[in-house]
Amino acid sequence: MATNLMISYPRIPQDALTITSSQTEDEDYQVYNLIGGPRHHLFQTSAAAASLDLTFDLGIGTDGAEDTDTVDHVIIGRADLLQSGGVTSVALKSSDDNFTASTTEQTFSDFDITTLRGPREFDFISTFTETSAHRYWRLSYTATSTKFPHSFAYFGKAFDFGDEPNAITLNIKDRVEKTVTSKSGKEWYLRTMEPMYEIQVTWRGITDSVVNDFMDRIGSRWNKFPIYLYTTSSHDILEGYRLMCCKFKAAPVTRQIYDDYNEVSLSLMEAIG
């Protein structure tokens with residue numbers, strides 16, 4: 001059974017051997033912006049269209065067998081831009097033969113009026129029963145006419161430490177406002193950032209195998225992509241926001257307390273943009 005606080009990361013998108021767009025991508029807003037980098041780096045197509053398919057092929061492993069994976073959630077960053085563009089539906093599809101035949105795993109209808117989550121209500125999330133494993137995955141978007149601008153597309157099996165955190169704190173860091181005087185004596189008023197959350201979360205009693213899995217999938221790549229914290233049932237732990245896009249302030253800290261009993265601490269700040 002999944003715990004309440006989960007971690008989303010670009011599991012299938014980052015593992016995909018290829019990511020293919022059915023529409024030509026804008027050279028300044030490429031498809032790999034869906035995986036990582038700054039939150040304000042978007043993907044969009046070069047011309048407006050009524051539909052878009054993004055296909056993720058997990059490829060062939062080193063053992064010669066097809067790589068497959070499951071999905072239990074979908075998160076789309078800056079889904080507010082898709083809503084503004086008139087996207088009415090998004091579907092998650094799977095296939096074992098590059099979509100000669102396929103299964104529609106989930107359809108998110110009325111996407112343009114779906115309630116978005118997060119402190120700024122910019123992001124879409126849907127959680128569901130874990131699917132079976134497949135090699136090919138696809139996100140299919142439907143609209144009247146748009147370039148489909150949005151940020152991250154995270155989907156796959158979320159990371160679960162298998163226990164609730166022992167400690168979590170959320171503090172709002174006020175925006176920095178100051179006056180700078182140039183050499184000429186002219187004063188400039190600067191406001192360098194929006195208010196944002198800083199999050200500290202710690203788990204204890206985590207087994208060696210779970211810590212190793214976390215470090216392999218997320219911890220060793222802490223400066224490559226933001227993560228999403230999201231809740232499955234009790235949302236107060238994230239102040240009711242349901243999910244929060246976060247970047248690491250520093251590398252995760254792991255500490256062995258006893259044999260096969262570890263502590264994991266994450267120092268995070270809200271990713272805005």
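How many of the 273 residues of the chain count as buried? The share is 45%, and it is a handy figure to carry along as we walk through this predicted model.

Let's begin with the whole chain. Its secondary structure amounts to three helices and 17 strands. The radius of gyration is 20 Å, close to the 19 Å that the globule rule gives for 273 residues, so the chain is as compact as a globular protein of that length. Taken along the principal axes, the box that its C-alpha atoms fill is roughly 65 × 55 × 35 Å. If you look at contacts between residues at least 6 apart in sequence, 74% of them join residues at least 24 apart.

Now for the surface and the charges. The accessible surface of the chain is about 13100 Å², and carbon and sulfur atoms account for 44% of that area. As for side-chain charge, you will find 24 positive and 38 negative side chains, with the centres of the two sets lying 9 Å apart.

With that overview in mind, let's visit some individual residues, starting in the loop between β2 (18-21) and β3 (49-57), where T45 sits. T45 has a relative accessible area of 0%; because buried means under 20% relative accessible area, T45 counts as buried. A polar atom of the T45 side chain lies 2.8 Å from the backbone oxygen of A47. Setting aside neighbours within four places in sequence, T45 is in contact with Q23, T24, E25 and D26, with L52, and also with T146, K147 and F148.

The loop between β2 and β3 also holds N33. N33 is buried, at a relative accessible area of 17%. Which residues is N33 in contact with, leaving aside its neighbours within four places in sequence? They are D28, H41, L42, F43, S151 and F152.

Moving along the chain, we come to L58, in the loop between β3 and β4 (73-76). L58 is buried too, with a relative accessible area of 7%. Not counting residues up to four places away in sequence, L58 touches I12, D15, A16 and L17, then D67, T68 and D69, and finally H134, R135 and W137. To get a sense of distance within the model, try picking out L58 and S145: they are 87 residues apart in sequence, and their C-alpha atoms are 30 Å apart in space.

Our last two stops concern the backbone. Where is R78 found? It is in the loop between β4 and α2 (79-84). Phi of R78 is near 55 degrees, a positive value in a residue other than glycine. R78 is buried, with a relative accessible area of 13%.

F99 has its place in the loop between β5 (89-95) and β6 (103-108). Is F99 buried or exposed? F99 counts as buried, at 14% relative accessibility. Phi of F99 is near 70 degrees, again a positive value in a residue other than glycine.

To look back over the tour, you might return to T45 in the loop between β2 and β3, then to L58 in the loop between β3 and β4, and finish at F99 in the loop between β5 and β6. T45 is buried, L58 is buried, and F99 counts as buried.

Methods. Residues numbered from 1 in each chain as written. Predicted model: local features only at pLDDT ≥ 70, side-chain atom pairs only at ≥ 80, totals over all residues. Heavy atoms only, no water. Helix = DSSP H or I, 4+ residues; strand = E, 2+ residues; numbered from the N terminus. Rg over C-alpha atoms; globule rule 2.2 N^0.38 Å. Buried < 20%, exposed > 50% of the residue type's maximum accessible area, 1.4 Å probe, protein only. Contact = heavy atoms within 4.5 Å. Areas by Shrake-Rupley, 256 points an atom, 1.4 Å probe, with all protein chains shown as cover. Lys, Arg positive; Asp, Glu negative; His and termini not counted. Charge placed at Lys NZ, Arg CZ, Asp CG, Glu CD. Polar contact = N/O pair within 3.5 Å; in protein donor to acceptor, adjacent residues only side chain to side chain.
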